[in-house]
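Please load the model in your viewer and keep the selection panel at hand. The tour moves from the whole chain to single residues and then to one helix.

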Amino acid sequence: MSERLTVSKVLDEAQRQLDEFDPHTSGAWPHAAAALIRQSLEHTLDTFWKHKAPGMLETNQRDRWVCLPAYLGDKPEAREADFAWTALSNACHHRAYEVGLTQDELRTHLATARTFLKTVARALA
């Protein structure tokens with residue numbers, strides 16, 4: 001029996017990456033947490049578009065964020081989610097000369113992703 005993977009569970013795993021120290025993954029956990037949070041934001045955004053304007057799924061991620069206020073309204077939760085997605089995208093593609101996100105920044109983006117998930121769930125209810 002396979003367990004259905006939900007955005008909440010992915011965010012829980014990102015939280016676990018931030019909370020639990022594992023010496024085997026000490027260099028990888030920030031990148032893993034950033035990738036999980038970013039994927040959660042993307043999935044939440046795609047779920048919104050699937051229900052509100054499925055044609056938006058044919059556009060790129062940046063366009064989906066740009067058009068979001070026209071459908072969801074100018075909500076601070078959406079602006080914060082867009083900012084988090086941009087920061088996480090940059091962190092997931094960082095170069096050797098760049099400093100990655102701090103644990104506090106990752107925790108902030110995680111909280112933003114959880115809030116955005118709730119905002120979209122309310123909008124679709």
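The stops below each give something to select and a description of what is there.

**The whole chain**

Begin with everything shown as a cartoon, bearing in mind that this is a predicted model. The chain holds 5 helices and 0 strands, and reading along the sequence gives the pattern α-α-α-α-α. If you colour by burial, buried residues account for 35% of the 125 residues in the chain. Switching to a surface shows about 7700 Å² exposed, of which carbon and sulfur atoms supply 54%. Of the contacts between residues at least 6 apart in sequence, 62% join residues that are at least 24 apart.

**The largest nonpolar core**

Next, select Ile37, Leu41, Trp65, Leu68 and Phe116, the residues with the most contacts inside the largest nonpolar core, which has 30 residues. At least two residues of this core come from each of α1 (7–19), α2 (29–52), α3 (61–72), α4 (76–92) and α5 (103–124). Helix α2 gives the most to the core, with 9 residues.

**Ile37**

Stay with the core and centre on Ile37, showing side chains around it. Neighbours within four places in sequence left aside, Ile37 is in contact with Leu11, Ala14, Leu88, Leu106, His109, Leu110 and Ala113.

**Leu45**

Now move along α2 to Leu45, which lies in that helix. Is Leu45 buried or exposed? Its relative accessible area is 0%, and because the limit for a buried residue is under 20%, Leu45 counts as buried. To see what is around Leu45, select Gln61, Arg64, Trp65, Leu68 and Phe116, with which it is in contact when neighbours within four places in sequence are set aside. A distance label between the C-alpha atoms of Leu45 and Phe116 should read 8.8 Å, although these two residues are 71 residues apart along the chain.

**Helix α4**

Finally, select α4, a helix of 17 residues that reaches 24 Å from its first C-alpha to its last, close to the 24 Å expected at 1.5 Å a residue. Within α4, highlight the buried residues, which are Ala78, Ala81, Asp82, Ala84, Trp85, Ala87, Leu88, Ser89, Ala91 and Cys92. Leu88 has already appeared on this tour, as one of the residues in contact with Ile37. To see what covers the buried residues of α4, bring back the other helices, since the cover includes α2, α3 and α5.

Methods:
Residues are numbered from 1 along each chain as its sequence is written. This is a predicted model: local features need pLDDT of at least 70, side-chain atom pairs count only at pLDDT 80 or more; totals for chains, interfaces and linings use all residues. Side-chain values use heavy atoms; hydrogens and water are left out. A nonpolar core is a set of buried Ala, Val, Leu, Ile, Met, Phe, Trp, Tyr and Cys residues joined through side-chain atoms within 4.5 Å. Buried means under 20% relative accessible area, exposed over 50%, partly exposed in between (1.4 Å probe, protein chains only). Helices (H or I, at least four residues) and strands (E, at least two) are DSSP runs, numbered from the N terminus. Contact means heavy atoms within 4.5 Å. The expected span of a helix is 1.5 Å times one less than its number of residues. Accessible areas come from the Shrake-Rupley method with a 1.4 Å probe; for residues, only the protein chains shown count as cover.
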